[in-house]
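I opened this entry to look up two things: the nonpolar core and the contact between the chains. The structure goes in first.

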Amino acid sequence: MNKVGSFIGRYQLSHFIILALLIFVVMPLALDSFRLNMVGKYLTYAFVALGLVLCWGYGGILSLGQGVFFGIGGYCMAMFLKLEASSPENTAIQSTPGIPDFMDWNQLTELPWFWVPFQSFTFTIFAILILPAAFAFIIAVAMFKRRVGGVYFAIITQAIAAILTILIIGQQGYTGGVNGITDLRTLHGWDIRTDEAKTILYFVNGLLLFGCLFVARYIIKSKLGRLLVAMREREDRVRFSGYDVSAFKIFIFCAAATISAIGGAMFTLQVGFMSPTFVGTGPSIEMVIFCALGGRLAILGAVYGALVVNWAKTSFSESFPELWLFAMGALFIGVVMAFPNGLAGLYQTYIAPWLQKYVPEKFHWIITNRNPEESGAEIAVAGETASEDEKKSKAGELSHAGN
Amino acid sequence: MFADYSMAELTSIFAMQGFAGLILFSVFVLMALGLAIIFGQMGVINMAHGEFMILGAYVTYLTSNVFSAYLPESIYGSYFFIAMILAFFITGALGALVEWSIIRHLYKRPLDTLLATWGLSLIMQQIYRSVFGAREVGVTLPDWLMGSYAITDMIEVPINGIFVMVLTIVITIAVALMMQRSRLGKQTRAVVQNRPMAAAVGINTEKVDRLTFALGCGIAGIAGSAFTMIGSTGPTAGQLYIVDTFLVVVFGGASSLIGTVASAFTISQAQSTMEFFLSGSMAKVLTLLTVVIILMLRPEGLFSLKMRR
C-alpha cells in the first residue's frame, strides 16, 4: 500500500473517491452555475462540520461557538475584499474617499487601525489561518487548563458567540453592523461576481475541503487521534497515564477553529458578503446539526450532513417556509434519540448490508470495512458508553472544577 | 461624563436605572430559578427553557382574553392570579411530558440533551408562530397595575415593576423553602447527591426526576406570566434571554439558589447602570464579557457547593 493509503485505508479511500466524483464531476455537470454556487456555499459549512467532527466527535468537546471562527475567517476575507472594492476611485463620491462605504455613512474619516493590515493579501491569508486559532487558543487554555469541559464549555462558547454578534451589530461604523460587509467585487483585480469566477471558486473550495479532509483523517489515524478517543471515554485514565490532557484538547479545538475559518473565508468569496447572521448562537448550533446528521465520527459524513441539511433548508424555505423549523427541530431530536451516529451509522447498519447482496464479493471492500474499528460508526456515541463513574458523578460534573 | 448633571439628577438617574435593573433582575431570577433547578440539580441543559417561559406568557394572554370576553369586568383585575396558576400547571405538565418522552433517555448524555431541547425549542417557536402569529402580543394590564409611584419628585417607579419584584421575591422564597423543607425538595437533593443510594432507601428516582423537571418548567411558566406585565410576547422572545439566563445560572454556581439570585442581581445591575452611559449593545457586551472572563478564572461560579465526587 502506498503512503497515502497508509493513513486513509482502502475502504476510506474508495469513499473519498466517491465524494470527489460527486463534488468535482457530478455536481458541476448536473447543476447550472447558480445552483453550483449554492452547493459551494453549503460546502463551506462542511468545513465547520468537519471541525466539529474532530473536536466534538473525537475530542468530546462540544463547542456551540463554531460560528465565531467561521465568522472570523469570513470577516478577514471580507475586510480585504472590501478595502480593494473601496479604492479612492470607486468611492470618489464619499466625503472621505478610500474608506469602505459604511464607515463613511457612520461619519468615520479614516480607516480604523485594525483594518489597515488587511490591505495586504498575504496578511489576510495569515490572519484567516492564525487569528481564529489564536482566539481558540485563549479560550481553550483558560477552560481546559482548569479542567472545565462538557456542558460548561458549551455554554461559555455559546455566550462568546452571542457577545461577538452583539459587538458586530453594535459597532456599525467598524464592522458594517447588521448588514455586514457587502458589495465585494474583486480579488486582486479578478472579478469574483462572474459565473466563470464562481465556478473556479467552487473548485478551489472543493480542493481546500479535500485538503482539510486529508488533514482530519491524518489526525484521526495518528496517535493523537487515538488519545483523543481515549480521553473522551476515560479522561482520568489518560491523565493518570502521564499525558497532558488539556494540551490535546487545546490542539484539537484550535485545529477545528482554523478549519472553520477556511470555510468562512471561502464563504465570503463565493457568496460575496459576510454578515453577523453567520456568527451568532443560532447558526453556530445549526452547524452542530450538520455534523450530527452526517455522523459525529465520520469526517466524510460531515460533508454529506452539511449538503443534506442545507439542501433541505433551501428547498423547504422555497416551498413551505413554515415547515422548515418543524423539520429542523425534528431533525435535532431524531438525530440525538434515534440515530446518534447519523447518516454514517445508517449507512453502516442498513445500506451497506443491503448493497453487499448485489455486489460481487471481490468489491466488498468498497462498501464495508472489515476492520470494524475503522468504519465511521466505530464507537458508540460518547455518552452511550459513558462510564459508571460518570453516572455516579453526574453531580460531579456540575461541580466540575472543584479542584 | 458626569459633569453635565447636578448631584440630585445623578442620584435620581442612578435610582431609576437601578430600578430598571431590578426589573431586569426579576426576569432573570424568575427564569434562572427554573433553570437552576433543572440544570443545577439534574444536570440537564434545557435550551427550550425560554420557550416554556413564552408558553406561560401566552397562557396569560389567553386567560386575559377569556376574562375580558366572557367574564364581568369587575373581576378582570384578578385574572392575573388565575393566569399564573394556569401557566404553572400547563407548562409543568408539558415539562413532565417532555421529560418522559425525551429527556429521560438522555440523562447520561448531557450534550445530547442540549441538542434535543434545542430542536424542541425550534418546534415550539414555530407552533407559537402558527397559532398566535409572528407579531408580538401584549395583555391589557388591570387598572391597579397601571401608573407609577412617585418616591420623590424626581424618582418615579412603575407599579407593574414593583408588582413583578414582589412576585419574584415571593416565588424565590417559596422555591427555596420547597427545596430545603418539602419532601420533594429533600428527595431531589438526595437524588442529586447520590442516585444509587437514594434509590436504595426507597426514593423513586424516576418520579423525582420527572417532578423536578416539571417544577422547573412550571416556574418558567410563572416567569412568562410575570413577563407579560412588563413587556410584550413574541414567538422568539424566549431565545433572547436563554444565553443570558444560562450565564446567570453558571455564574452563580450551578447548584446554589442564593448564588443564582446574587449573580442575577450583579449582572442585571451592571447591565442597566452601564446602559445609561454606553450604548445598550456595548453595555451588554461588557457585562457578558466580564462574566465570561470571571468564569474562565473561576469556573465554579460565585457560590459553589463543595461536594465529594
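Below are my notes on the core, then on the interface; the model is a predicted one.

Core. I looked up the largest nonpolar core and found 211 residues in it. The residues with the most contacts inside this core come from both chains: A:Trp56, A:Leu213, A:Phe253 and A:Val303, together with B:Phe39 and B:Met229. I then checked which element gives the most to the core, and it is helix α3 of chain A, residues 33–58, with 17 residues.

I picked A:Leu213 for a closer look. Leaving out residues up to four places away in sequence, A:Leu213 touches A:Phe16, A:Leu19 and A:Leu50, and also A:Ile299, A:Leu300 and A:Val303. A:Val303 is also on the list of residues with the most contacts in the core.

Interface. I counted 54 residues of chain A in contact with 52 of chain B. The area buried between the two chains is about 4600 Å², and carbon and sulfur atoms give 77% of that.

How many salt bridges cross between chain A and chain B? I found one. A:Arg296 pairs with B:Asp112, with 3.1 Å between the closest N and O atoms. For polar contacts between the chains, I noted four residue pairs, both residues at pLDDT 80 or more.

Next I went through the side of chain A that touches chain B. Helices supplying at least two residues each include α6 (121–144), α13 (281–294) and α15 (321–337). The largest share, 14 residues, comes from α7(A). By residue class, I logged this side as 34 nonpolar, twelve polar and eight charged.

Key
Residues are numbered from 1 along each chain as its sequence is written. Chains are lettered from A and ligands numbered from 1 in the order in which they are written. This is a predicted model: local features need pLDDT of at least 70, side-chain atom pairs count only at pLDDT 80 or more; totals for chains, interfaces and linings use all residues. Side-chain values use heavy atoms; hydrogens and water are left out. A nonpolar core is a set of buried Ala, Val, Leu, Ile, Met, Phe, Trp, Tyr and Cys residues joined through side-chain atoms within 4.5 Å. Buried means under 20% relative accessible area, exposed over 50%, partly exposed in between (1.4 Å probe, protein chains only). Helices (H or I, at least four residues) and strands (E, at least two) are DSSP runs, numbered from the N terminus. Contact means heavy atoms within 4.5 Å. Buried area is the accessible area (1.4 Å probe) that two parts lose on being put together, summed over both. A salt bridge is a side-chain nitrogen of Lys or Arg within 4 Å of a carboxyl oxygen of Asp or Glu. A polar contact is a pair of N or O atoms within 3.5 Å; within protein, one must be able to donate a hydrogen and the other to accept it, and residues adjacent in sequence count only if both atoms are side-chain atoms. Ala, Val, Leu, Ile, Met, Phe, Trp, Tyr, Cys and Pro count as nonpolar, Asp, Glu, Lys and Arg as charged, and the others, Gly among them, as polar.
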